[in-house]
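Here is a short report on the packing, strand pairing and salt bridges of one protein chain. Please keep the structure open while reading.

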Amino acid sequence: MKIDDETKWNASYDVIVLGFGGAGGTAARFAADNGAKVLLVDAAPYGHEGGNTRYSAQHVAMAHDRAKIDDYYQALAAPYTVEAKTMKAYLDGFVSMPQYFIDYLGINPFIWSRDYRVGDHLAKKSHLCEYPEYAGADTFDFILVHNQDFDAGLWKVIRKNVLERQEQIDVWLNSKAENLLQDPETGAIQGVVVERNHQKYCLHANNGVVLATGGFENNAEMQQDYLHVSKLTPLGTLYNNGDGIRMAQEVGAQMWHMGNYESLGIVPGYVIAESAGTRGRQISGWKNMKSGSILAIADDGTRFMKEDAKFRHGHIYQHGDYLLPHAYDNAWLVFDQKQYDKFVQEKEAGKLKYQDLFKKIISADSVEKLAAKMAVPAANLDQTIHRFNQYARDGYDPEFKRAPESLTEFSAGKLYGINLAPAVLNTQGGPVHDEQARILDANNQPLAHLFSAGELGGMCVNRYQGGGNLAECLIFGKIAGENAAKTNSEQKAIKLVNAISAVNDLVAGSREDTVELGPNQYLGSSEAGIGGKILVRVTYSDKQIKNVEVLENHETEGIGATAIKELPKQIVAANSTKVDAASGASSTTRALEEAVDRAIKKAEQ
């Protein structure tokens with residue numbers, strides 16, 4: 001969008017950062033540390049900021065040997081290539097990552113190969129790299145903030161660093177960036193149009209704008225255009241809609257890696273289907289979903305994958321390469337009564353990994369009736385089950401080579417199905433950037449004062465190595481923030497019209513002084529939840545926990561939110577915070593217990 005003499009500026013900052021995930025939070029922090037007054041904007045409401053960083057495993061990629069990690073990443077990219085200087089900046093950051101944690105995050109890092117011990121809240125790994133067969137793979141390692149994952153640990157540190165700089169960083173949440181504002185003569189980026197509370201504001205950037213809005217995990221139209229799939233279910237944030245791609249395209253940016261995306265799933269690349277606008281549940285190691293009298297079928301009622309395949313971010317081995325399974329629109333898991341009973345046993349033991357499983361299961365007394373409910377050809381489904389039964393009797397699966405011990409013949413009688421959906425962890429495509437995080441135009445020239453970081457135009461061109469996206473959030477977030485903060489000698493003086501006051505939604509959202517307290521009521525909070533802050537109001541007297549009210553939480557949909565509802569009742573009934581952790585929600589359980597303990601400590605002072 002071009003500016004002109006009629007453009008009415010409503011506010012002015014040195015740097016505007018669009019997107020408050022790991023990359024955007026990092027860029028804002030480093031811009032502020034280099035003297036800039038910063039505005040950080042995110043489409044998500046308070047408590048849901050964080051992008052995909054918040055939902056990730058918190059594993060950050062690092063390496064011990066610079067030459068070896070270059071070999072490894074060249075092999076991951078092959079047969080494609082990434083611009084050499086940009087790749088060098090990226091991989092230099094891998095080797096210096098431990099010092100980065102010390103210098104900029106204030107953390108003595110947990111390095112997996114050095115520090116892992118039995119009992120850590122981490123899955124045991126036989127090897128840290130995803131492609132151990134490639135040259136240089138043995139130098140790869142993970143670095144974390146502590147010996148626990150899937151707890152938003154890194155994200156909380158990044159968020160805290162932004163909050164600590166509230167004098168230099170304003171934060172607008174629930175605010176959507178609409179357009180970049182571009183000088184019609186020079187092409188330089190001058191600012192941003194942001195919609196907030198149904199009002200559009202023109203915001204001037206004296207020095208630079210950083211795009212860190214992530215990918216298009218929630219934009220079905222872009223998925224159809226770039227990935228050739230009709231719709232993917234997001235495993236991360238619900239607020240990545242490809243806005244940064246659209247804005248960058250409007251000002252002439254060149255795109256790269258648009259056809260690449262990563263996945264995970266209950267079976268390779270697939271999760272249980274959810275309603276629109278709901279995150280998919282990534283559940284690893286759910287044996288009963290891939291072993292026994294159970295199989296996965298596609299639209300035509302036939303099997304399409306090795307259900308128990310070991311996958312690499314959704315990619316499974318196919319004819320010499322690792323590829324994502326095709327994203328079918330009508331995929332199902334089909335199983336018999338024996339398998340159904342296994343899920344019942346999980347529920348009775350309190351170990352069911354998906355609380356709404358039985359609400360999603362359909363059943364029928366015959367193949368024909370089940371096929372009709374699933375809208376697949378009955379003859380194909382019948383043949384598929386017959387073939388699978390023969391494989392189970394033979395102890396050999398000639399179609400997909402599933403492990404013999406995982407094959408169990410279907411019994412006669414009732415059949416069951418559960419709808420699957422292809423899943424997306426994150427997309428990799430977006431505007432091309434160079435080693436200075438500058439966004440490039442179609443002629444490989446920098447678009448003046450425009451930068452990017454994170455999964456918006458990520459570095460992965462082909463095979464993905466876990467931890468790589470978080471690493472580039474930190475590496476290029478720092479580079480983008482520092483470069484965007486540099487003084488722009490070409491900027492012209494502007495005049496503000498209807499100037500708006502400074503706002504910080506992050507600070508406003510964390511206030512507790514407006515909460516009403518009655519007799520024997522005390523507040524307690526914890527930042528240890530997956531979603532960050534949990535705030536409780538506890539009624540406590542005569543050494544008795546009378547009531548626990550959760551006033552604020554931002555836990556993940558599904559199991560975390562369910563735990564928030566059930567745990568307060570258990571704590572009151574037990575008159576203790578020492579209750580069993582909700583299955584699959586250990587971080588939420590610990591955070592709630594900590595918040596209640598802090599409220600009780602106030603009561604007993």
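The report covers the nonpolar cores, then two strands, then the salt bridges.

## Nonpolar cores

The model is predicted. Its largest nonpolar core holds 77 residues. Y73, F94, M97 and F140 have the most contacts inside this core. Helix α14, residues 468-484, gives the largest share, nine residues.

F94 shows how the packing is made up. Leaving out residues up to four places away in sequence, F94 touches A61, M62, A63, I69, Y73, F140, A471 and I475. Apart from the largest core lies another, of 35 residues. Among its members are A11, Y201, V209 and I245.

## Strand β5

Strand β5 spans residues 140-144. Five of its five residues are buried, so the strand is largely enclosed by the rest of the structure. Which residues cover each face of β5? F140, F142 and L144 lie on one side, D141 and I143 on the other, and all are buried. In a regular strand, side chains alternate between the two faces of the sheet.

β5 has antiparallel pairings with β3 and β4. Strand β3 (residues 60-63) pairs with β5 over four bridges, in the antiparallel sense. There V60 stands opposite I143. Strand β4 (residues 110-111) also pairs with β5 in the antiparallel sense, over two bridges. I111 has I143 as its bridge partner in β5.

## Strand β8 and its hairpins

Strand β8 runs over residues 189-196. Seven of its eight residues are buried, so β8 too is largely enclosed by the rest of the structure. Strand β7 (residues 175-182) pairs with β8 in the antiparallel sense over seven bridges. L181 stands opposite G191 of β8. Six residues lie between the strands of this hairpin, and G187 takes a positive phi near 80°.

Strand β9 (residues 199-211) also pairs with β8 in the antiparallel sense, over six bridges. V192 of β8 stands opposite L203 in β9. The hairpin of β8 and β9 has two residues between its strands. In that turn, N197 has a positive phi of about 50°.

## Salt bridges

How many salt bridges does a search of the whole structure find? The search finds 31. One of them joins the side chains of R246 and E250, at 3.6 Å from N to O. R246 and E250 are four residues apart in helix α9 (residues 243-250), which means they are separated by about one helical turn. R246 counts as partly exposed because its relative accessibility is 25%. E250 is partly exposed too, at 38%. Both belong to a salt-bridge network with K176, E178 and D243.

K360 forms a salt bridge with E274, with the closest N and O atoms 3.0 Å apart. This pair links distant parts of the chain, 86 residues apart. K360 sits in helix α11 (residues 357-360), whereas E274 is in the loop between β13 and β14. K360 counts as partly exposed at 26% relative accessibility. E274 is partly exposed as well, at 23%.

R537 and E549 form a salt bridge, their closest N and O atoms 3.0 Å apart. R537 is in strand β25 (residues 532-541) and E549 in strand β26 (residues 544-552), twelve residues apart. Is R537 buried or exposed? R537 is buried, with a relative accessible area of 16%, because the cut-off for buried is under 20%. E549 counts as partly exposed, at 24% relative accessibility.

Key
Residues are numbered from 1 along each chain as its sequence is written. This is a predicted model: local features need pLDDT of at least 70, side-chain atom pairs count only at pLDDT 80 or more; totals for chains, interfaces and linings use all residues. Side-chain values use heavy atoms; hydrogens and water are left out. A nonpolar core is a set of buried Ala, Val, Leu, Ile, Met, Phe, Trp, Tyr and Cys residues joined through side-chain atoms within 4.5 Å. Buried means under 20% relative accessible area, exposed over 50%, partly exposed in between (1.4 Å probe, protein chains only). Contact means heavy atoms within 4.5 Å. Two strands pair if DSSP finds at least two bridges between them. A salt bridge is a side-chain nitrogen of Lys or Arg within 4 Å of a carboxyl oxygen of Asp or Glu.
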